[in-house]
There are 2 protein chains.
Amino acid sequence: MKLKVTDVDLAAGGAFIVILGENDAIDLDLKSGDRVLVKHGTKEVVCIVNISENGNKIKTGRIGVFEEVLDKLNIKHNATVDVSLAAKPESVKHIRRKLFGHTLADYEFKHIVDDITNDRLTDVEKTYFVSACFTNGLTVQETVDLTKAIVASGDRLKFSKVTLDKHCIGGIPGNRTTMVVIPIIAALGFTIPKTSSRAITSPAGTADTMECLAKVEMPEEKIKQVVKKTKACIVHGGAMNLAPADDKLIKVRHPLSLDPLGMMLASVMGKKYSVSANHVLIDIPVGKTAKVTSKKEGLRLKKLFKLLGKKLGMNVDVILTDGRQPIGNGIGPYLESIDVMSVLKNDPLAPQDLHKKSVYLATQLLMMMGMTKQKAWMSVHRVLDSCEAHTKMLDIIKAQGKQKKLEPAKFTHVIKSKRSGKVREIDNHIIAKAARIAGAPEDKTAGLFLHKKIGMKTLKGDPLYTLYAINKPKLQLAIDFVKENNGYLF
Amino acid sequence: MKLKVTDVDLAAGGAFIVILGENDAIDLDLKSGDRVLVKHGTKEVVCIVNISENGNKIKTGRIGVFEEVLDKLNIKHNATVDVSLAAKPESVKHIRRKLFGHTLADYEFKHIVDDITNDRLTDVEKTYFVSACFTNGLTVQETVDLTKAIVASGDRLKFSKVTLDKHCIGGIPGNRTTMVVIPIIAALGFTIPKTSSRAITSPAGTADTMECLAKVEMPEEKIKQVVKKTKACIVHGGAMNLAPADDKLIKVRHPLSLDPLGMMLASVMGKKYSVSANHVLIDIPVGKTAKVTSKKEGLRLKKLFKLLGKKLGMNVDVILTDGRQPIGNGIGPYLESIDVMSVLKNDPLAPQDLHKKSVYLATQLLMMMGMTKQKAWMSVHRVLDSCEAHTKMLDIIKAQGKQKKLEPAKFTHVIKSKRSGKVREIDNHIIAKAARIAGAPEDKTAGLFLHKKIGMKTLKGDPLYTLYAINKPKLQLAIDFVKENNGYLF
């Protein structure tokens with residue numbers, strides 16, 4: 001069927017979408033969510049159909065076209081395109097099979113991931129896939145196949161024959177060990193290119209915090225230059241084409257905060273595999289308000305990560321760490337970056353928990369390279385004490401592109417203890433949410449600064465933490481939020 | 001945040017959708033799929049956010065608004081609205097619980113169904129609900145609760161203290177027993193208001209076939225008049241507000257053709273409950289290419305239907321019938337309506353299988369009312385032989401509004417047997433698809449007419465069926481489709 005293009009002047013954020021009038025939809029036997037092949041000259045693209053039920057905009061004989069489709073076909077308003085029914089992608093059958101409880105083969109995951117990468121699946125279909133993986137679970141082999149498929153969907157960067165990496169499964173506010181460990185390891189001569197994420201539901205991701213110091217968005221070529229120069233980088237992985245299918249799956253996981261185990265594993269290992277890392281240390285914080293709430297669950301995860309690493313030909317080690325409270329004092333990009341730099345500079349006021357945990361992680365990574373515990377520990381301390389790690393961080397910042405120095409947020413409010421005693425628990429969720437309500441991570445200098453940690457003695461009226469915001473209303477929102485429950489238990 | 005309205009001149013088909021520019025979305029900490037409360041004066045509505053990533057259409061400070069939202073708030077282009085973050089509906093938590101394998105309580109189903117009815121859930125969230133019900137299943141009590149919630153979401157029609165109904169779970173082309181059984185039962189003085197569906201993936205639904213003879217779309221008041229006058233009706237239930245949540249769930253079940261057992265039961269029983277039927281006969285055809293492929297599966301379904309009926313205070317009986325081949329000769333709305341009227345008119349050429357099955361169903365329904373088998377059988381034959389049932393059908397047609405007589409489709413092609421022998425099997429799927437490709441149900445007179453049924457002797461070259469289409473291209477598409485496999489096995 002020949003239809004004339006109406007430029008609806010909307011973008012879908014990646015997906016190829018067209019809008020048909022009701023009459024044309026009936027003639028083509030189409031429902032919303034069905035697919036059509038849209039052709040113009042030699043170019044063609046499979047699009048998902050929306051149906052306009054009122055005839056105002058999309059009249060019979062016309063087709064409403066989103067930006068992405070216009071670009072792909074290189075056409076403009078009033079162009080004529082040929083529209084025909086496109087079959088449902090084969091992968092919908094595989095998703096259906098998974099939903100019915102079957103185990104999928106490698107080629108089926110490849111099909112599914114390929115169709116996700118190329119926006120051939122609707123949100124509803126992707127949701128069924130996530131849901132099927134969640135409720136029916138993935139076997140280890142399925143997780144391997146999904147990981148490989150996800151990696152194959154994007155580019156794979158090659159750096160050095162020996163490439164290290166570290167990863168934390170997240171959930172602990174302020175936990176910016178990456179930005180301390182990377183310069184330590186690089187200062188010791190190892191290659192450790194780190195791609196990090198931005199915050200999704202937390203007050204800061206490593207990419208957000210690093211961005212207070214250096215540029216984190218750059219093309220793959222530039223990353224290669226940075227790593228060549230400094231042996232390391234700390235950049236944002238999301239904008240790169242490393243595992244596009246993973247990013248698209250995360251979008252449909254988000255509305256229900258679903259984290260199907262197999263998918264989480266595939267997502268983490270996929271990102272490591274795509275930077276060709278072959279020695280990977282994984283940090284699993286365990287605590288009442290962490291992502292992993294029991295040691296048992298942590299050990300199970302550890303086993304799975306190691307097994308998956310083996311199947312992917314990667315040397316993987318996993319450590320369970322203390323996840324009972326935030327790490328460092330600052331929560332929010334700018335305040336966290338201050339913590340990181342103070343540890344690297346051996347500032348006597350630097351947060352000791354961030355220092356200790358970073359040293360521990362770096363030592364473990366070196367031990368994975370065959371060093372004895374003692375030698376590893378001494379090496380880490382040498383580059384920290386001599387400020388070689390600090391110099392390395394400055395090199396990395398310079399290579400990535402230094403940012404203008406930020407000024408602390410102007411509006412602050414001290415949250416005081418309502419009682420005396422010893423801090424027994426700190427709720428990661430409350431602290432994270434308070435920082436977010438104050439404006440982090442969008443307002444880089446917003447967040448909070450902890451004065452008390454677990455085990456510290458506190459008198460009634462002592463400051464627990466200071467809230468930072470860039471304007472009064474946001475500060476007030478955060479104050480209101482912690483009024484009932486400030487996250488501290490005595 | 002105050003934003004100025006841009007009328008994007010699009011309709012979403014029910015859902016409330018607004019589009020924000022990227023900058024405003026960041027300021028409000030919103031992602032695609034999040035919800036906002038949009039206020040204008042005293043009116044407000046919760047909308048789902050799409051984010052426009054290019055600034056062409058939705059500039060900062062503006063909000064793109066779909067038709068449904070404009071109508072709801074009674075506003076126009078350039079109006080100013082107040083936009084604020086809206087919490088996720090409570091029901092998302094219940095869906096999450098179901099996904100985690102928990103059993104839901106009645107109030108949780110009520111929440112979910114209420115939010116679906118009022119378009120407060122996104123497609124992704126609804127998909128998770130369907131998927132959770134599918135993979136984790138629903139207990140009988142959950143099915144009862146879901147059914148009650150679905151019914152409560154719409155209107156409930158009251159007719160007579162004793163109200164009969166029949167339902168077939170579908171899947172058999174041509175199976176138009178409803179249109180024979182309803183006039184028989186009504187002619188015997190019982191009240192039997194029937195709401196039917198249109199075809200979704202079949203070549204005709206009862207509503208499509210009835211529409212060749214009478215109007216089937218009418219307001220509830222008019223239906224009440226028809227039933228008062230004739231004790232019966234055969235109308236389209238979809239446009240009525242009987243179980244709107246069910247219709248919305250079906251939309252997300254469609255892309256993967258998912259039929260979660262509990263949802264199917266809730267859907268069927270919900271429709272019966274909403275017309276206050278208290279004696280319901282359910283027909284489950286069993287056959288290799290039917291929906292239910294084994295007697296065992298049929299018996300399990302029977303048990304569930306009866307149990308559910310009991311819990312809902314309805315007298316339910318279930319019969320398993322022969323689903324090995326189409327019923328009647330005509331497939332497609334017009335051709336099926338000819339079959340129905342020929343049975344009611346005692347035409348000697350009327351399809352005997354449709355006659356026999358209808359008599360059987362009507363007899364069973366009467367037995368549910370306490371009649372002996374013999375008396376029921378004789379009553380049915382009396383009103384058929386005396387043409388009282390035929391007269392009743394004409395009364396119903398007149399009361400609903402008679403349609404102009406249709407002319408048979410002009411383009412026909414006879415599919416001939418490629419071999420001699422006795423017909424052993426007929427594939428319901430192939431026959432249904434061939435009729436659909438020929439144009440049914442949109443082209444009312446398109447479809448096919450069967451000359452041979454299972455058990456009939458056939459010589460090579462004998463006609464198996466005739467295809468009907470309203471133009472040559474559609475006829476050719478159908479011919480091409482059955483070239484390889486005409487659906488007959490000898």
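Colleague: In what order do the 6 strands of chain B close into a barrel?

Modeller: This is a predicted model, where local features need pLDDT of at least 70, side-chain atom pairs count only at pLDDT 80 or more, and totals for chains, interfaces and linings use all residues. Strands here are DSSP runs (E, at least two residues), numbered from the N terminus, and two of them pair if DSSP finds at least two bridges between them. The pairing in this barrel is mixed, and the order is β1-β5-β2-β4-β3-β6.

Colleague: Do β1 and β5 of chain B run parallel or antiparallel?

Modeller: Residues are numbered from 1 along each chain as its sequence is written, so to speak of β1 is to speak of residues 2–7 of chain B, and of β5, residues 62–65. In this pair B:D7 stands opposite B:V65. There are 4 bridges joining the two strands, and they run parallel.Colleague: How much area is buried between chain A and chain B?

Modeller: Buried area is the accessible area (1.4 Å probe) that two parts lose on being put together, summed over both. Here 41 residues of chain A are in contact (heavy atoms within 4.5 Å) with 42 residues of chain B. Carbon and sulfur atoms give 59% of the buried area, which is about 3700 Å².

Colleague: Which element gives the largest share of the side of chain A that touches chain B?

Modeller: Three helices (H or I, at least four residues) are listed as giving two or more residues to that side: α3 (91–99), α5 (123–136) and α10 (244–253) of chain A. The largest share is 10 residues, and it comes from α5(A).

How values were computed:
Chains lettered and ligands numbered in written order. Heavy atoms only, no water.
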